[in-house]
Amino acid sequence: MEIAILGGTGDIGEGLALRWAKDTDHTLMVGSRDAEKAADSAADYEATLADRGRSVDVDGLTNPEAAARADVVVAAVPAYHLTDTVEAVADDLGDAILVSPAVGMKRDEDGFHYNRPGVGSVTELAANAAPEGTPIVGAFHNLAAGRLSDLDATLEWDTIVVGDDGDAKATVRDLAEGIDGLRALDGGPLANAAEIEGLTPLLINVARHNDGLHDLGVRFN
């Protein structure tokens, strides 16, 4: 498949790009608002993989260019940029599946807290910004970006996938499980996204207060 990672120069975008490029034969495109930044990041990812004996091509493009070529578009941008990013590529999505891993958080002296938007969840913000008929899937919300992008680190994580389109959700689950050590679980419809997004600040708070528990993920047994 052809996967576009919008905001692919950021932390979660880097991790997903490196893992898919290492573990699968999918075509990867790194998107950014800045074409030069996208190209530089793509070259860096290729070099990282080459150091591990994996020769792959990663294209660096503007977000609209990447979206126009993709079967699956991952909006790997912070929650406060999500709506603008989706609206900027709305005319380029075509029949692509749109995936949102974004989580809205706020921080105070006690720690990190889920910042739930009025529409219900950040994933539903993406759905509201996307063209009518675009399949929306929420996934990859609770992955620690540092560990994800460290190709020497093993993963033993679950990612919960939500969406109202069963076929689109199945496609994203298959893509997720192409990453070694990642298991995709069905979390039901899009309306369940808030509960999943809310796990992320919990994981960050636990990691901050307990030695040896940095880069936490979740595993259901």
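Start by selecting helix H4 (residues 79-89) and helix H5 (residues 122-129): their axes come within 8 Å and cross at roughly 20 degrees. Before going on, note that this is a predicted model, where local features need pLDDT of at least 70 and side-chain atom pairs count only at pLDDT 80 or more, while totals for chains, interfaces and linings use all residues. Residues are numbered from 1 along each chain as its sequence is written, and side-chain values use heavy atoms, with hydrogens and water left out.

**Stop 1: H4 and H5**

A word on the labels: helices (H or I, at least four residues) and strands (E, at least two) are DSSP runs, numbered from the N terminus. The axes are lines fitted to C-alpha atoms, for helices over the stretch in contact, with angles running from 0 to 180 degrees between N-to-C directions.

How are H4 and H5 set relative to each other? They are roughly parallel (angles under 35 degrees count as roughly parallel, over 145 as roughly antiparallel, 65 to 115 as roughly perpendicular and the rest as oblique). The crossing of H4 and H5 is right-handed, where right-handed means that the near helix is turned clockwise from the far one by less than a right angle, and left-handed means anticlockwise.

Now show the side chains. On H4, pick Ala79, Leu82, Thr83, Val86 and Glu87; on H5, pick Val122, Leu125, Ala126 and Ala129. Those residues make the contact (contact means heavy atoms within 4.5 Å). Sorted by class, the contact of H4 with H5 has seven nonpolar residues, one polar and one charged. For that count, Ala, Val, Leu, Ile, Met, Phe, Trp, Tyr, Cys and Pro are nonpolar, Asp, Glu, Lys and Arg are charged, and the others, Gly among them, are polar.

**Stop 2: around H5**

Stay on H5 and colour Val122, Thr123, Glu124, Ala126 and Ala129, which are buried (under 20% relative accessible area; exposed is over 50% and partly exposed in between, with a 1.4 Å probe and protein chains only). What do the buried residues of H5 pack against? Look for H4, strand S5 (97-100), strand S7 (111-114), S8 and helix H8 (193-197).

Next, click on Ala127, also in H5. Ala127 is partly exposed, with a relative accessible area of 25%. Leaving aside neighbours within four places in sequence, Ala127 is in contact with Ile136 and Leu190. Try a distance label from Ala127 to Val137: the two are 10 residues apart in sequence, and 8.7 Å apart in space from C-alpha to C-alpha.

**Stop 3: Tyr114**

Go to strand S7 and select Tyr114. Is Tyr114 buried or exposed? At 19% relative accessibility, Tyr114 counts as buried. Not counting residues up to four places away in sequence, Tyr114 touches a list of residues including Val103, Lys106, Val122, Ala194, Glu197 and Pro201. For a longer view, find Leu175: it is 61 residues from Tyr114 along the chain, and the two C-alpha atoms are separated by 27 Å.

**Stop 4: H9 and what follows**

Pro201 is also one of the buried residues of H9, along with Thr200, Leu203 and Asn205. The buried residues of H9 pack against strand S6 (105-108), S7 and H8.

Carry on to Asp215, in the segment after helix H9 (199-209). Most residues other than glycine have a negative phi. Asp215, though, has a positive phi, near 55 degrees. Asp215 is partly exposed, at 30% relative accessible area.

**Stop 5: H1 and H2**

Swing over to H1 and helix H2 (residues 35-50), whose axes come within 10 Å and cross at roughly 45 degrees. H1 and H2 are therefore oblique to each other, and H1 passes H2 in a right-handed crossing. Select Glu14, Ala17, Leu18, Ala21 and Lys22 of H1, then Tyr45, Thr48 and Leu49 of H2, to see the contact. By class, it has five nonpolar, one polar and two charged residues.

**Last stop: an aromatic pair**

How many aromatic pairs does a search of the whole structure find? One. The rings of Trp20 and Phe140 have their centres 5.7 Å apart and their planes at 85 degrees, so the pair is edge-to-face. Rings of Phe, Tyr and Trp (its six-membered ring) pair if their centres lie within 6.5 Å; planes under 30 degrees apart count as stacked, over 60 as edge-to-face and the rest as tilted.

The pair links distant parts of the chain, 120 residues apart: Trp20 is in helix H1 (residues 11-23), and Phe140 is in the loop between strand S8 (136-138) and helix H6 (145-149). Both Trp20 and Phe140 are buried, with Phe140 at a relative accessible area of 1%. Phe140 also has a positive phi, about 70 degrees, although it is not a glycine.
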